[in-house]
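Before reading on, it may help to have the sequence and the model open side by side. The paragraphs that follow go from the contact between the chains to the interior of each chain.

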Amino acid sequence: MTTTDQMLAEAWDLSPAVALRPEPFGAMAYHFGNRKLTFLKRMQLVDVVRGLAAHPDVRSTLQSVGVAEAQWPGYVAALQGLAATDMIRPRATDQARSVQEGAA
Amino acid sequence: MTILETRPVVARPEGGSLIEQFELGLDAPICLTWELTYACNLECAHCLSSSGRRDPRELSTEQCKAVIDELQRMQVFYVNIGGGEPTIRPDFWELLDYAVSHDVGVKFSTNGVRLNPERARFLASTDYVDVQISLDGATPEVNDYVRGPGSFDTAITALANLQDAGFKDAKISVVCTRQNIGQLDEFKAIADQYGATLRLTRLRPSGRGADVWDELHPLPEQQRELYDWLVANGENVLTGDSFFHLSAFGVADGGSALPGLNLCGAGRVVCLIDPIGDVYACPFAIHDNFLAGNVLADGGFETVWQRSELFTELRSPQTSGACTSCAFFDACRGGCMAAKFFTGLPLDGPDPECVRGFGEDALASGDRVLPPQGKDHSKANPTRNQPVMLTLSRRDDALAVQATKPPVSACAENPLAGFTL
């Protein structure tokens, strides 16, 4: 399995420390923790990032936003870039989450 | 200054480069500079804002908080607070606290005068606050010459207090001049000693800087020295994108531009709010020609940012005159607007410090008129903190005479001639 396929199957969220500010061309993402700033240069990428939390995996997020399959590798590369600075982070699995919620 | 009835609609290229998008402007600045007061305990010779005296129209605490509320709504996540000396405003710490608790991070610039051990401990306990200490010489001689007597010691004491309090990663902000470019390694050593990060910025001919720019701006060979030093040390040194006019060096070498946007962000991605709420295109352009509006008089900061006629114009395609045909135009994009304006050069021509020398030619051409500064808050009378900017030296011809001819009498040479001490 390629790293693209792997990420497509994973569940991701916008990092809780990140705010997205709409811009005419996309959005600016700001991380309050590490203070990194990054720009999302396409509206569709903003929709994908905002949609991550509502979908079980990256693949279904891309489908829901209507990103053509041919563009998926590009979008996954962009998401990996965002993951490298903790703008998005892997979602805890259902099992892990239920354990956390049980503890809370 | 005029505020437009409606926000202009700008056609955007889909998926264009970030630089192209930035040139067309953002919904809110990335980071803005806010001079909280024109009052200052120092009178630095090169002060960008000609600071010294408090302006009686200075925004009140409540008005400042309203600006912070608006920045939070606009999602401006970071503000550079400066002055004047911001920490001498009695409500400075209250405003700092207010900003941080409203999701507006603060980096403030100070000469260090109020950073005693107690304040340093307070700062060390906060998150989301950066402190930047100004230091324009790595030795008291070089620093105090432009910043005034005792200012080196004040800055170093502040750095030591921050370090002792456990404050991590303070910034040391250096304006690069003819006198301190040879000290870059020493500045780095000071930063390392105090666990700080070095930040280098460009000397601009703005404010009182116009008076000393001819004497202090780096010589062409020093620009090369600075560029090479940045390339060698750049990873651990901040520049605030200050030196994009030097990027042509890299392109000429077959490399690339310096890291950063390499773009004039004035009115596009940055701006300045001054102590009375006037909004200018950039921190280096406190002049009526670059005044977009006022946060009190013109319906708030967002209105000024999004609808002022000036900012709309700065976000529309610019002509770059002779520079457009230069092979390095993409590297420097004509340089700094404020540097051109305050040296009396046309805005669509080369930067006065153009690395190809076109700026020097334009400066030498002689038909330029320096704009009046007009926004002067300098102190009216001399004070003990004022830099003197005199150096003692001997006339060359006097030395030559001394070397070749014996004095007519012993006393003509020196009242102590013939005595050994």
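A salt bridge, as the term is used here, is a side-chain nitrogen of Lys or Arg within 4 Å of a carboxyl oxygen of Asp or Glu. Side chains of opposite charge can pair when their charged atoms come close. The model shown is a predicted one, and between its chain A and chain B the count is one salt bridge. In that salt bridge the side chains of R35(A) and D130(B) meet, at 3.2 Å from N to O. The pair also belongs to a wider arrangement, since R35(A), D130(B), D169(B) and K171(B) are linked in a network of salt bridges.

What else makes up the contact between chain A and chain B, and how many residue pairs are in polar contact? With both residues at pLDDT 80 or more, seven residue pairs are in polar contact between the two chains. On the side of chain A that touches chain B, β2, β3 and β4 of chain A each supply at least two residues, and β2(A) gives the most, with five residues. The contact as a whole takes 15 residues from chain A and 23 residues from chain B. About 1,700 Å² is buried between chain A and chain B, and 60% of this area lies on carbon and sulfur atoms.

The strands of chain A that take part in this contact can now be followed one after another. Strand β2 of chain A, residues 18-23, is joined to β3(A) by six bridges, and the two run antiparallel; P22(A), for instance, stands opposite A27(A) in β3(A). Two residues lie between β2(A) and β3(A), which together form a hairpin. Strand β3 of chain A, residues 26-31, is mostly covered, with six of its six residues buried. β3(A) also pairs in the antiparallel sense with strand β4 of chain A, residues 37-40, over four bridges, and here A29(A) stands opposite T38(A) in β4(A). The hairpin of β3(A) and β4(A) has five residues between the strands, and in this hairpin R35(A) takes a positive phi near 60°. R35(A) is thus the residue already met in the salt bridge with D130(B).

Elsewhere in chain A, the side chains of R91(A) and D13(A) meet in a salt bridge at 3.1 Å from N to O. This pair links distant parts of the chain, 78 residues apart, with R91(A) in the loop between β5 and α5 of chain A and D13(A) in strand β1 of chain A. Is R91(A) buried or exposed? R91(A) counts as buried because its relative accessible area is 17%, and buried means under 20%.

Turning to chain B, the reader will find an open sheet of 10 strands in the order β7-β6-β5-β4-β3-β2-β1-β8-β9-β10, with mixed pairing. Its edge strands are β7 (237-238) and β10 (291-294) of chain B, each of which pairs on one side only. Towards one of these edges, strand β9 of chain B, residues 278-280, is joined to β10(B) by three bridges, and the two strands run antiparallel; within this pairing V279(B) stands opposite G293(B) in β10(B). Helix α6 of chain B, residues 151-164, packs on the sheet, where it touches β4 and β5 of chain B, and its direction makes about 150° with that of β4(B). Helix α3 of chain B, residues 92-100, lies across β1, β2, β3 and β4 of chain B and runs at about 150° to β3(B).

Helix α5 of chain B, residues 140-147, is largely enclosed by the rest of the structure, because six of its eight residues are buried. Among these buried residues are Y145(B) and R147(B), and what covers the buried residues of α5(B) includes β4, α6 and α8 of chain B. Just after α5(B), G148(B) takes a positive phi of about 105°.

A last stop is S49(B), in the loop between β1 and α2 of chain B. S49(B) counts as buried because its relative accessibility is 3%. Its side chain reaches the backbone oxygen of G83(B) at 3.1 Å, and, leaving aside neighbours within four places in sequence, the residues in contact with S49(B) include E35(B), Y38(B) and K375(B).

Key: Residues numbered from 1 in each chain as written. Chains lettered and ligands numbered in written order. Predicted model: local features only at pLDDT ≥ 70, side-chain atom pairs only at ≥ 80, totals over all residues. Heavy atoms only, no water. Pairing = 2+ DSSP bridges. Contact = heavy atoms within 4.5 Å. Axes fitted to C-alpha atoms, helices over the stretch in contact; angles between N-to-C directions. Buried < 20%, exposed > 50% of the residue type's maximum accessible area, 1.4 Å probe, protein only. Buried area = accessible area lost by both parts, 1.4 Å probe. Polar contact = N/O pair within 3.5 Å; in protein donor to acceptor, adjacent residues only side chain to side chain.
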